[in-house]
Structures are given as structure tokens and as C-alpha cells.
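Open the model in your viewer and keep the selection box handy. We'll hop from stop to stop, and at each one you'll hear what to select and what is there.

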Amino acid sequence: MTQPPPPPNQPPQQPGFGPPQDPAGQQPEQSQQPEQPSSQQPEQPSQPPAQQPPAQPPTMVDGPDLGKAPQPQPGYGYPQAPQPPQTPPAAPAAPPAAPQGPGYGYPQQPQPPQPPVGYGYPGQQPSGPYGQPQYGQPGYGQPGYGYPQATVPTPPQPGGTGGGRKINAQLAIIVSAVVAIALIIGGGVWYASSGKDDGKKDTAKTGGKDPKNGGGGGTSSGGKEKAPADPKSRVLFQLPQPKLPKGQDSITTAGSWVTDTVYAKSGIAEIVGYDRDKGTKLWTIDLPGPVCTATHHVTEDGKTAIVYKPDMPTKAEPQSCTEVAAIDLKAGKKLWNKTAKTGTFPIRFSNVTISGTTVAAGSTSGGAAWDITSGKQLWAPKNSDSCYDAGYGGGPKMVAVRKCGSFKQRQLHIQTIDPKSGKVISEYKMDEGIEYAAVVSTDPLVVAADVNESAGDGSGISDFFSIDNKTGKLRERISAPGDDYAAKCDGISEIEKCSGLAVGNDRLYIATEEHESGTSKYGETNEIVAFDLGTGKQTGQRADAGDDYTITPLRMDGGNILAYKRPPYDKGGQIVSIDGGTFKQTVLLENPATRSVRDVETRFSPQYSEILFSEGRLFMSSEYASDFGSSDSKRYLAIAFGTN
């Protein structure tokens, strides 16, 4: 849960050695790869400040000009070298690791704290719709968690009476081979932990099933995304960054969606629908001001929701995010726009979501909900001097994060509510002192929080809370130290904005932090691991990114996990489907390794960009348009890849 990843890993510098040069003077066809750019040095995207809306957004996607004729490419040295990782501890001397075992770098796990007596008790159920100041009191708990432990067979010891002969070299080799084979058959794989060298060693199992830890196998219902005959992709189109208004250094372009017919992306004070394969404009929705935030949820009939400013911002008048609108992505039109007030003042919304046919928007100054088709206001939460709805999570169910109390004495109420009436169905009260929480999933209900600001890395996550949204009782609490895991949530303003994780199969899938690659001196890699939401423990499932790749979960596809693999310096990125039962990876798409394409692709960091995959097409886009960075390099709002 750290900062934006660096550009792809740098290879060793050796005289006279370099990657193949792109042929000069040859104009590639669009069907194979984009036009070659000039060889501008890429820039790293600047990171938004942690745990607050970014005053200075990440540097825009600026890189090679895909419209220029190809130029001779420089040799090695294009990527920036990553910071050297800490030296991992040595692997156990015995027994030997199985040949296919993972390398260094698995995150360490702290020992679980023991819950005090009475910790995590259930309380009374809330009742009454929004506007009634009565809330229930389920308690807060902290069950322990941990890795499933590998069992390793003990090597047979030589014995005998009388002399006790020494083992010769041949016998030692045979014994070692037997142990290795036993490890392979048993499914246990030893590996050394990485990170801080505190003398602790962790072990874990891959494959198999451990009923005490929730089972490593699990089940998978499959997904809609199918592997093509050839996963190699081509650039379908790229969208240049729009020109910023005079006097503006940066403007938000949040929001992108894909349907069965259109890819839609927010620009500057507009939303544009593009043909998914050609990139031609199908429709444009003009807005008086820029989009502030948008939900990623889309209804079955292609509707979504946004928050935008009523006018273009200026230095004198920055404008506020007071307008909520419903968008019909299939028809390419705005259905309605609404505002709400607290007293006589318009509410400045910081988040918006959809559940069923209800649009709900929230902020520190109030919230409201509307019917997505008609725009009729359905309900509004009752604000008081001590409580307000900070925001909502949508999808299968609607969940409110309600804040009560003063700063540093805050208590968060996680409420599952009826989206049509606002009535509270269940409620879980977190411990006092937790200031912010993000809704990771509403069904099953999973909330992320930085407990006592202990994450320490700006990720907004130190723990996940698995909650029964029928009763409001805590199922399990899962510790996720920021040094070990790479997920990130906002929690301050955009309540359901999270990256680096996915929830499905009653499991939490989360990316680990990067660590030294097992076979590459200069590269780094990571994994996706799974936690059982019913036990709070790891299942033993693990998907390795592979040498010099880093892997990030994007979303669930039925029972499978869709993930993006950020590439090393000499390859293109990949979309893989991870089977929810076996954790077998299937490549659905692999981007060109051409440097000009890779330079643009790697500008879109998974943590600070919008990445969508649907029906063999990958769409990567920026959340900001900005003048920051180099002035002589071409910048992109979005790029699209496809296998068909």
C-alpha cells in the first residue's frame, strides 16, 4: 500500500548490449501496432497526497507521440531503476524447497492479538428510516488471523547399533530428493519472507484444502470473459488529452464506463461515447463544468451517475461540486440533474453511487437519494450536530458510512439501508477513534479502515472488517499491514474508491507489496493472496505475478478474479483470469512489447488510473488532465487495446 509504482524495471547497463531497435522509417499499420513515436523519456506520474483529495493531481499521461514517424530508439537505459529492496532472509537450510516453489518476497504476518473477554458482542438492532435518531449498538471485535501453516515431512534419520556409520554423499542426495518429492506431493511449499528483517519466518501452503483455514481450493462458477485463440492485442485507439481552459493547471476527468456498444469517458466539461473498436465519437454530453466524481456502477439498462460543477472553475471562483446527474450510456444523454440543500446552503457532494434504481450522493455537509429514471428525490439522511452520512457504497446493496461524534472521538456507523426508503436494515458500530472507512463490497459487506492511523503509508487501510449485513454483527477482522499489502482506499471523501483488491466467493483477494524478484537482480514482483471472510484467515491460495511483473486485482468475473499485470521493461502488460477454485491463471490479453506502446501503457498506474476490461478489450484512462510535466511530449487521456 505504497506510492505509485515506478516505470518498468531497468536492465543492467552493459557496453554494446541492448534491446532490438525499432526499425527507422517504417510506418506500422494500425491493425498491428500504433505509429511509432519519438523517443521521449517517460515521466513518472506524480502521486496525489494520501488520504485527502489531491490538490495537485498525478502528472498526466505524457509520453511518446504515437502520431509521429518512427525514430531510432536508444539502447538500454530507458526505464528508471527501482530502489533496491531489502535483502531477504535466507531460505531454510532444510528441508529443500520444491522446484516450483515461489521465491523471496512473501509478506510477513504479525501474530494475532488475543481479544479480550466480551469483545465483539452483538447489540440491539436499529430501526426506523433515515431521519429518526435511533441506532443499534452491535459491538466491535478483533478475532485473530494468520497464515495457514505448512507441514513438512521430517527427513528420515540414519540409525543403527554398534558403529553408527556416517552418511555418504550419495545417500544424502537420495534423502534430499525424497524430501523434495514428499513436499511436492503434499502441496506444501516453503518460502522465505521478505520485508523488514525482524528474524521472523513465515510459511504458507499453496494448493490443496485446509478446512480449518477456510480451504485452499474453494469453488468457481467461471466467468463471462473467455480466452481468445490468440491473446496478443493491438492498439485499437488512443485519445489525446483535451486542452485545458486558460488559467487552469489541472482539471478532473473522473469517470469511464464500458457497455456492450460503447466506451464512455469524461473529458473536460463533457462525457463522450466512443466506438469500442474504432474510437470514433458516437455521442457527446456537454456539461457546464467538469465532472468531480463518478460511480463505476452501471445499471442493467446502461445508466450511471456523476457529480459535476455548475460552471467552469477559475482561480477567483473554483466552483463547488453541487450537481448530481444520471447518464444514459446507451442513448448518450443526460436524464436529469439535481441539487440538494442543508438549510439554505447547497450540499457539496464528494461521492455518488447506485444500488438498484437509486442514486445516492453524500458528503460532510449532507446527502440525498433520487430515482435514477425520473430524478424524483426518494429520501435524505437526517443530519444533526453530531451525526451525518459521509457517503455510500452501492452495487447489490446500499451501505452508508455515518459519522457521529467530534474529531478524535469519532464513531463510524456502518449501515445497510433500503435504497428506496433509506430505512436502516442493520448497523455495525466501529470503535471510537477510527476517523475514516471505505466500503470495499456491499454483498458480502467488507469495510476497510485505518485503525488508529496505524497503516503509516497513506493507503487508508490497516484492517478489513467482514460484517454480516443482515444482522450487523462482525464476522471477522482481518489485519492487513501497509508494509505487506498493496491495496489502497480513499475513505475520506470517495467512500467506495479502492484499488488493489477484489471481493467474491466470500473471500477477499488482495495484492501484496512488491519485493525482489526471485530470478532477476533488478526486477520486482508480487502476488495476489486470498482471505476467507468467514474465518479471517488466509486460504493458502496465491497467484504469482511472475518475474518482473506486478499484479493487481481489478474485479470479479463470476467466480474468477480479473487482474492486470504491469509489465517489465521488455514486455507488454497482461490481463489474466484467475480461477477462483484452482487459482490457475489464463491470459486473456497481452499487449505489444513495442517500446512506443509500452511507454504509453505504463503511464497508467493501476492505483491512480481507471482500468476497465470487457470482451477482449482493455481501456486505460486518466482521472486528471494536467499541464504538469514535460511540455514537449504527447499526453493521452486514454488508450484502448483489443484482441479482435
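Start by selecting β36, β37, β38 and β39: these four strands form an open sheet in that order, with antiparallel pairing. A strand here is a DSSP run of E with at least two residues, a helix is a run of H or I with at least four, and both are numbered from the N terminus. Two strands count as paired if DSSP finds at least two bridges between them. Now look at the rims: β36 (550-557) and β39 (585-590) are the edge strands, each with a single partner, so one side of each has no neighbour in the sheet. On average, neighbouring strands in this sheet are turned by 25° against each other, direction ignored; the axes are lines fitted to C-alpha atoms, and angles run from 0 to 180 degrees between N-to-C directions.

Zoom in on β37 (residues 560-566) and β38 (residues 574-578), which run antiparallel and are joined by five bridges. Click Tyr564 and you'll find Ile575 of β38 opposite.

A quick note before moving on: this is a predicted model, where local features need pLDDT of at least 70, side-chain atom pairs count only at pLDDT 80 or more, and totals for chains, interfaces and linings use all residues. Residues are numbered from 1 along each chain as its sequence is written, and side-chain values use heavy atoms, leaving out hydrogens and water.

Next, select β6, β7, β8 and β9, another open antiparallel sheet of four strands in that order. Its edges are β6 (256-258) and β9 (281-286), each with a single partner strand, so one side of each is left free of sheet neighbours. Here the average turn between neighbouring strands is 15°, direction ignored. Three bridges tie β6 to the antiparallel β7 (residues 262-266), and Trp257 sits opposite Ala264 in β7.

Now try β20. Is it buried or exposed? Seven of its seven residues are buried, so β20 is largely enclosed by the rest of the structure. (Buried means under 20% relative accessible area, exposed over 50%, partly exposed in between, with a 1.4 Å probe and protein chains only.) β20 pairs with β21 in the antiparallel sense over six bridges, and Asp389 has Arg402 in β21 as its bridge partner. Four residues lie between the strands of this hairpin, where Gly395 takes a positive phi near 100°.

Stay around here for the largest nonpolar core, which has 19 residues; Ile414, Tyr428 and Ala437 are among those with the most contacts inside it. Such a core is a set of buried Ala, Val, Leu, Ile, Met, Phe, Trp, Tyr and Cys residues joined through side-chain atoms within 4.5 Å. Its largest share, three residues, comes from β25. Select Ala437 and look for the residues it touches, including Val401, Leu412, Met430 and Ile495; contact means heavy atoms within 4.5 Å.

For a change of scene, pick Lys423, in the loop between β22 and β23 (424-429). Lys423 is partly exposed, at 44% relative accessible area. Its C-alpha atom is 9.3 Å from that of Trp379, 44 residues away along the chain.

Last stop: colour by pLDDT, the predictor's confidence in each residue, from 0 to 100. The protein averages 76, and 65% of the residues score at least 70. Over residues 3-65 the pLDDT is below 50, and over residues 67-218 it stays under 50. Where pLDDT is low, the predicted coordinates should not be read in detail.

Definitions and conventions:
Lists of a residue's contacts leave out its neighbours within four places in sequence.
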